[in-house]
Structure formats: structure tokens, C-alpha cells
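Here's a small set of exercises to work through with the model open beside you. Try each task yourself before reading its solution.

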Amino acid sequence: MNVVNILHLMLLIYLDYHQLDFPCKRFFSLRYFLFHGVPHYVAIIFLSSLLKMVHVGSMSLYERAMMSRTREHKKKLVVWAFAVSLAIALSAGLSLKAIKQAGAKPKPLVHSLHSHNIVSRATDTSTAVTESPVASACKSTLYPEACEAALASVASTASTKEMFDVSVETAKGRARVARDVAYNLTQASTQKSNSRSQSSVNDCLELLDITLDQLDDVLHAKKSSRFHDVQTWLSAALTNQLTCSEGLETVKAKGGDSLNAQVESLSQYISNALALHKKVKVKDKDGGQKGGHGGRKLLSDGFPEWLSAGDRRLLQASPEDIRADAVVAKDGSGTHTTINEAIAFVSLASKGSGGGSTKVIYVKAGTYKEYINIPTKQKNVMLLGDGKGKSIVVGSRNANDGYTTYGSATVAAMGAGFIAKGLTIINNSGPSKHQAVALRVGADKSVVYQCSIQGYQDTLYTHSNRQFYTETDIYGTVDFIFGNSAVVLQNCYIQPRKPGGGQKNSVTAQGRTDPNQNTGISIQKCKIQGSSDLGSTPTYLGRPWQKYSRTVVMETYLDDSIDPDGWEPWSGSFALSTLYYGEYANTGPGASTSGRVGWAGVHPSLSSSEASKFTVAEFIVGDDWLPGTGVSYTAGL
């Protein structure tokens, strides 16, 4: 109902109320009846009658006598109201004519009560409003409303890079707020004896500190930093929020809901920054990678380029040829008797020397029952053992005993440049205890070489960032290689073990939550072979932990323990059309793809060009950092 119609309605009520026989009254009544139908006309009669009954009933005889005297005055008012209505109608008519002359189609009257219909069709007319640069940029994000709110202060002339920088600054501000909430909750829990109930909050505090460092790295990226670097750091920052949220759901903590709300909001802003960064990529035509890739490329020492020459020598040398910064020995023949003491020592030494070079901790043969944590600020640490089955680290934390998955790790390494060689790392909780991590790695450009990782459910947590595993044995049951890093496992031995009663085995459970993350699991040139007691336990290559789960198995031997379906659903149809599961040139009795599931996201026969995207050179840009470690690797197919 427009302004003219309202005036008409008011005028009719006025005329009916005062019982005026004004010549134009019939015209207005007829017009209103024709355009608006019976309901509106009945409403006029009802309202005017009601007003008359109320008013006349309350009038005295004197007032009724005086009513006739004032009728002439009221007729003058009616004439004035009619003149105003006529002027408005003429103005509306002139406006309509102007619109027609401009070539626009007038909207049908039926749409006048549904403004959203008119807005949605605005682009169909020649008078459509030009979309702002911010709105245009935010269309590529998963959370456009949050994106536009973050960029509200950005000038209309801002470049995509400037908008990206503002989005990261906004995310950083949100991270600070979430971090303050987590810190306050941990302070409140220090007075309580049962600190395990707050372990999820402690995890979040650690993860939010890591996130702030990563967002700082993005904002102050060096000129040598590439597109892939920034994409990796943002992908990892987003993964941190999922880890925090899942921990809060698993181990309930007082105040956890308020923290979770902050973290979920922060996730949206990091996701948007990740999407905007993809739009900046056009300035980096090669995608941030150095040189061309393709074909088979085996470096002379077999390690990716991002490892320094010194680290390469460390990985190739035997323990007796290395001058360690700390030596751990159970019998007291070293500088320390525990690994944690050695880590604390090299951390202080790094601060005194300014850091930079790799600090080597030599762990002599023996069994060490302790929990190791190398924090994100402790970079370039190498744990060097005497070999598989000799230098052993054992733990038994698990979900059943109240730990988060993140906090259950026997060994956790988050500091960039982490290297492990010649160690056996075990979580001996057993299959009945559910999530129980042996090794968790979130260190960027990390290498695990000639190690043995043993557990059951969730054995190896490849949490985030870029990782490389070679000549390493991995044992487990349910989802025993999982996480959301960009990881390549090459020349590894992978053994599904006998799980608990009624359980199925899944080699991988990749956790990619955002289509713009550069994460996934690539298994190349490995051997997947079930344990001798596995029996008829259904065993699959993987299942989708998160919506955009991504796993590729290529040039790998698969024994007959692998189910013909190949891949297992997580729950119903969840992620079946958004996941990416691929196979290329695998061998063995379990490699036949004729019986594979037919989900939209499954690619049982990748081409060489598609498979090459998941090699060391392209997937983790390994040629930039692995050669410095000295570890051998194949860059391509």
C-alpha cells in the first residue's frame, strides 16, 4: 500500500464518518473498491461506522444540534484533502511516465508488498546498482556477511591485496579476544584440583597463541615468502580453531561454551581471509612455486629443497658422527636422563645464541616413559635416536581417561623445522581406549625419517602445516593416519592392526574443512599390509572426517586386507560429493578399482597430470625445503 492509497483510505473514512455527500466521494469509493477489492472496502465501512457510533453516542443534544452548523466548514476541509490527494496522484503519474521513458518496466502492483522480490530482480533492469568492490570480493568467501563487516572501513578504491590485509588484521583482533577468554578460564581453573576437566581450554589457549603467531607471519611475510607459504599458515590457523572446538565438545569445561562461540566466529574470519588470499594469487602466475615440475625427479640425496645443507648432513649421518647439543641416557652417561630436560636445555641455549641452527638431541637406546612437547616457539629441534626399536618413547593417554585427542599425544611437535630420526614412538592404550595419539605434528616443514609410530585409533596426528614422512612404519586401527596438514608419506610401511570388537579399520581420516585449504594426505610408493591377526576385519583406505576431506594413494602396494569398496563413509551421505579421494598406479591384490564406491568425489583412476598435483614437488612444495635435510625423496611420479 503506497502513500496515495493511504490518503485515499483516510479520506473515505473521513467522508463516511461525517456522512458527507461530497460529489467525488463516489469516485474514490469506486476506485478503492476496484483496485483493492471487497476486504478493503468492508474495512472502510466498519471503521467509519465504529467511529460514528462511538462519537455520536457520546454527544449531547446541544452538540448534535451544532453538528449541522459546522458541516459547511468540514466540506471546505474535504475539498482541501481532495486537492492534496490529486496533487500526489499527478506527481506519481509523472514519475511513472519518466520511468517508462527511461526504458524501465513498472513492477506489477502485486509485488508492492514484497520488497525482496523487487530487489532480487534489480539486476534485470537497466537501472541496476553497480556492485561495490568489497561486495564483489566477499562473494568468493564462505561467510560474505562477516567479510563485508570486516571490510566496512575499506576505501572503494582499495586493491584486493589491501582488502586481504584488512581481513587478516580483523581475524587477528578476533583471535586476541578469544585468547583472552581462554586465558581467563585457565586462570579460574587453577584453584581447582581436577585440572583435567579444563584440559580442552588449555589446548585452546595453546592453539590460539599459535594462531596469533601464524597471522603475524601472514601480515609480515618476507619477500621470499610465496603464495603457498601464506596459504599454509592460514590453513593451519583455521585448523587450530576446529581442534579447539572439538576438544571443548569432547572434554566439557566450565565456560567452554562462551569460548567456543568466540572460536567459531574467529573461524569465519580466517576462512574469509583464506578465500581473499586466493584472489590475490593472480599476481603470482606460477602459484608461488619455484620452477617447473613434472616427470620423475629423484634428487641425489633424496630430500626436499627446504632442508638446509646442514640438516641434510644430519639426516644422512649416524649418531656417532653427530655432535649433539644434548645427550639423553637412562643410565646417566649423557648430559640428561630425560628427553624433556634436554628440550628445556636446548631451548635456553637457543635463546642465548639467537636460535637459527638446528639443535640436536641425541636419545640413546632405552625406553623413556614421558610425554614430549616441542612448542611452536621452539623451532629447528631434531630428536635423533639409535634406531627403530632401540630408542623408544612410550605413553598411554587416551580419550577414555579424559584427555582430548590433541592432548593425548606421547610426542607432540609444533615448532617449525622439527626432525625426528631413528625413534619408536608408542601409545600403548590399546584398541578399547579409542582416541590415543602416539605422535602429533603441527610443525611446518617437518621431517620424520626412519621412525616407527605405533598405536591403535588415531596413531599419527598430522595436525597442520607441511610435513614429510619417509622410510617410517605406522601401525594402527581406526583412522590411524589423520589430521589436516599437507603431508606426503613416501616409502613407508603402513600396517592396519586388529581393532576392538565390532570396529572397522580406516587407514586415513583427513580433516579438510574449507575448500581453500591446501591440505590433504598423499601416500606414495608405500606398502599397506594388514597384520597377521587382522582376519576378516573390514579395512578401508580412508573415510571423510570433514566435509572437504582429501586423500590420494598412488604407486603403492595394497594387500588383500583392503576392502573392494576402497573407501568408507563417515556417516550417511556426509561429504560424499565434496571429498576428493584418488588412486593412481597402485599394485597388489587390493589395488583393483573395479569395485570401488561410486561417490561423486571418488577418482579411482587418476591421470598422471592429476596425480602429480599430490607429489612432494607440487603438494608440499618440497623442492623448496627438503633438500636441506639430506633425506631422500622423489619429487614427482
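A nonpolar core is a set of buried Ala, Val, Leu, Ile, Met, Phe, Trp, Tyr and Cys residues joined through side-chain atoms within 4.5 Å. Keep in mind that you're looking at a predicted model.

**Exercise 1: the cores**

Find the residues of the largest nonpolar core that touch the most other members, and the helix that gives the most to this core.

Solution. Start with the core itself, which has 53 residues. The ones touching the most other members are Ile339, Ile361, Leu439, Tyr469, Ile481, Leu489 and Ile494. Next, look for the helix: helix 13 (residues 339-353) gives the most, with four residues. Apart from this core lies another one, of 52 residues, including Ala146, Leu185, Cys204 and Ile270. Now zoom in on isoleucine 339. Skipping residues up to four places away in sequence, isoleucine 339 touches Val328, Val363, Tyr368, Glu370, Ile372, Leu383 and Val393.

**Exercise 2: the open sheet**

Work out the strand order of the open sheet of eight strands, and name its edge strands.

Solution. Read across the sheet and you get 3-6-9-12-15-18-21-24, with parallel pairing. Then check the ends: strand 3 (366-368) and strand 24 (557-558) each pair on one side only, so they are the edge strands. For a closer look, take strand 6 (residues 391-395) and strand 9 (residues 424-427), which pair in the parallel sense over four bridges. Within that pair, valine 393 stands opposite isoleucine 425 of strand 9.

**Exercise 3: a site from the record**

Locate the residue that UniProt marks as "active site", and decide whether this residue is buried or exposed.

Solution. The unreviewed UniProt entry puts this feature at Asp479. Aspartate 479 sits in the loop between strand 15 (473-476) and strand 16 (481-483). Its relative accessible area is 4%, so aspartate 479 counts as buried, given that buried means under 20%. Leaving out residues up to four places away in sequence, aspartate 479 touches Asp458, Ser506, Val507, Thr508, Ala509, Arg543 and Trp570.

One of those partners deserves a stop. Aspartate 458 lies in the loop between strand 12 (452-454) and strand 13 (460-462), and is buried too, at 5% relative accessible area. The phi of aspartate 458 is near 60°, a positive value in a residue other than glycine. Most residues other than glycine have a negative phi. You'll meet a positive phi again at valine 621, where the angle is near 50°. Valine 621 lies in the segment after helix 15 (616-619) and is buried at 4% relative accessibility.

**Exercise 4: a helix and its contacts**

Compare the reach of helix 10 with its expected span, and say how many of its residues are buried.

Solution. Helix 10 (residues 227-250) has 24 residues and reaches 35 Å from its first C-alpha to its last, close to the expected 34 Å. Of those 24 residues, 20 are buried, so helix 10 is mostly covered.

Now pick up glutamine 214, in helix 9 (residues 199-219). Glutamine 214 is buried, at 7% relative accessible area, and its side chain makes a polar contact of 3.0 Å with the side chain of asparagine 240. Besides Asn240, glutamine 214 is in contact with Trp233, Ala236, Ala237 and Asn465, leaving aside neighbours within four places in sequence.

Finish with asparagine 260 in helix 11 (residues 256-280). Asparagine 260 is buried, with a relative accessible area of 14%, and touches Ser245 and Leu248, again not counting residues up to four places away in sequence.

Definitions and conventions. Residues numbered from 1 in each chain as written. Predicted model: local features only at pLDDT ≥ 70, side-chain atom pairs only at ≥ 80, totals over all residues. Heavy atoms only, no water. Helix = DSSP H or I, 4+ residues; strand = E, 2+ residues; numbered from the N terminus. Buried < 20%, exposed > 50% of the residue type's maximum accessible area, 1.4 Å probe, protein only. Contact = heavy atoms within 4.5 Å. UniProt positions renumbered as here; feature names shortened; annotations may be inferred. Polar contact = N/O pair within 3.5 Å; in protein donor to acceptor, adjacent residues only side chain to side chain. Pairing = 2+ DSSP bridges. Expected span 1.5 Å × (residues − 1).
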